[in-house]
Amino acid sequence: MAKTDEFFMKIAIELAISAVEHGNEPFGAVLVKDNEIVYTNENQIYTATDPTFHAEAGLIRKFCYETHIVDLREYTLYSSCEPCFMCCGAMVWTKLGRLVYGASDIDLCNILGENGSQCCQIVFNNSPFKPEVTAGILRDESLQVLASYFSHNIKG
């Protein structure tokens, strides 16, 4: 039986919750190939003392290093929230096949009282390689995690 986008997104959201429990911001990512999870990661900017260790960029960095695979066109990355410009750039450079995310950057920025953008659309539309994008999967669940965290914490 094929697993659904919702199945993998639930795991990404669980990783976002785990990131908070480990002292980081609430973002999680899951890499899938052939309907199987091949790698997961949570945001580690504080515990790794690395402001670039976002869930998605960290996942791509570690997965590529450990597997020596740098072409991800056969993979889908699930992210609890729309990835930032940096993470989208990593997806372009690795030729990610598909991106699925929950809450959008605009959703996150509404919580933060900031102006958001459509990060993925901006980066992908201006890049030679454009992953397929599915947005808004389990959006409300992702928003709940983000709102809970950022009601008590400042971003970055």
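Which residues in α4 meet which residues in α6? Let's start there, keeping in mind that we're looking at a predicted model. On the α4 side you have Asp107, Leu108, Ile111 and Leu112, and they meet Arg139, Leu143, Leu146, Ala147 and Phe150 in α6. If we sort that contact by class, we get 7 nonpolar residues, 2 charged ones and no polar ones.

Now, how do the two helices sit against each other? The general recipe is that two packed helices are described by the angle between their axes and the distance between the axes. Helix α4 covers residues 105-112 and helix α6 covers residues 139-150, and they pack at about 30° with their axes 10 Å apart. Angles under 35 degrees count as roughly parallel, so α4 is roughly parallel to α6. As for handedness, α4 passes α6 in a right-handed crossing.

Okay, on to the sheet. What is the order of its strands? There are 5 strands, and they run β2-β1-β3-β4-β5 in an open sheet with mixed pairing. At the edges we find β2, residues 36-42, and β5, residues 132-135, and each of those pairs on one side only. Between neighbouring strands of this sheet, the average turn is 15°, ignoring direction.

A quick reminder on pairing: strands of a sheet pair through backbone hydrogen bonds, either parallel or antiparallel. We have both here. Strand β1, residues 28-33, pairs with strand β3, residues 76-81, in the antiparallel sense, over 4 bridges. If you want one spot to click on, take Val32: its bridge partner in β3 is Thr76. Then β3 pairs with β4 in the parallel sense, over 5 bridges. And here Thr76 shows up again, standing opposite Arg98 in β4.

Stay with β4 for a second. Is this strand enclosed or not? Strand β4 spans residues 98-103, and 6 of its 6 residues are buried, so it is largely enclosed by the rest of the structure.

Let's bring in another pair of helices, α2 and α3. Helix α3 is residues 85-93, and it packs with α2 at an angle of about 30°, the axes being 8 Å apart. That makes α2 roughly parallel to α3. The crossing of α2 past α3 is left-handed. Which residues make the contact? From α2 it's Glu56, Ala57 and Ile60, and from α3 it's Met86, Cys87, Ala90 and Met91. By class, that contact has 6 nonpolar residues, 1 charged residue and no polar ones.

While we're on α3, have a look at its buried residues. In this helix, Cys87, Cys88, Gly89, Ala90, Met91 and Val92 are buried. What do the buried residues of α3 pack against? They pack against α2, β3, β4 and α5. And just after α3 comes Lys95, which takes a positive phi of about 55°.

That mention of α5 takes us to Cys119. Cys119 lies in helix α5, residues 119-125. Is Cys119 buried or exposed? Its relative accessible area is 4%, and under 20% counts as buried, so Cys119 is buried. Leaving out residues up to four places away in sequence, Cys119 touches Glu82, Pro83, Cys84, Phe85, Cys88 and Asp105. Pick Pro83 out of that list: Pro83 and Cys119 are 36 residues apart along the chain, and their C-alpha atoms are separated by 7.0 Å.

Last stop, two loop residues. Thr49 is in the loop between β2 and α2. What is notable about its backbone? Thr49 has a positive phi of about 50°, although it is not a glycine. And with a relative accessible area of 70%, Thr49 is exposed.

The other one is His68, in the loop between α2 and β3. His68 also has a positive phi, near 65°, and again we're talking about a residue other than glycine. At 69% relative accessibility, His68 counts as exposed.

Okay, that's the tour. Grab the model and try finding Thr76 yourselves, with Val32 as its bridge partner and Arg98 opposite it in β4. Thanks, everyone!

Note on methods. Residues numbered from 1 in each chain as written. Predicted model: local features only at pLDDT ≥ 70, side-chain atom pairs only at ≥ 80, totals over all residues. Heavy atoms only, no water. Axes fitted to C-alpha atoms, helices over the stretch in contact; angles between N-to-C directions. Parallel < 35°, antiparallel > 145°, perpendicular 65-115°, else oblique. Left-handed = near helix turned anticlockwise from the far one by under 90°. Contact = heavy atoms within 4.5 Å. Nonpolar A, V, L, I, M, F, W, Y, C, P; charged D, E, K, R; others polar. Pairing = 2+ DSSP bridges. Buried < 20%, exposed > 50% of the residue type's maximum accessible area, 1.4 Å probe, protein only.
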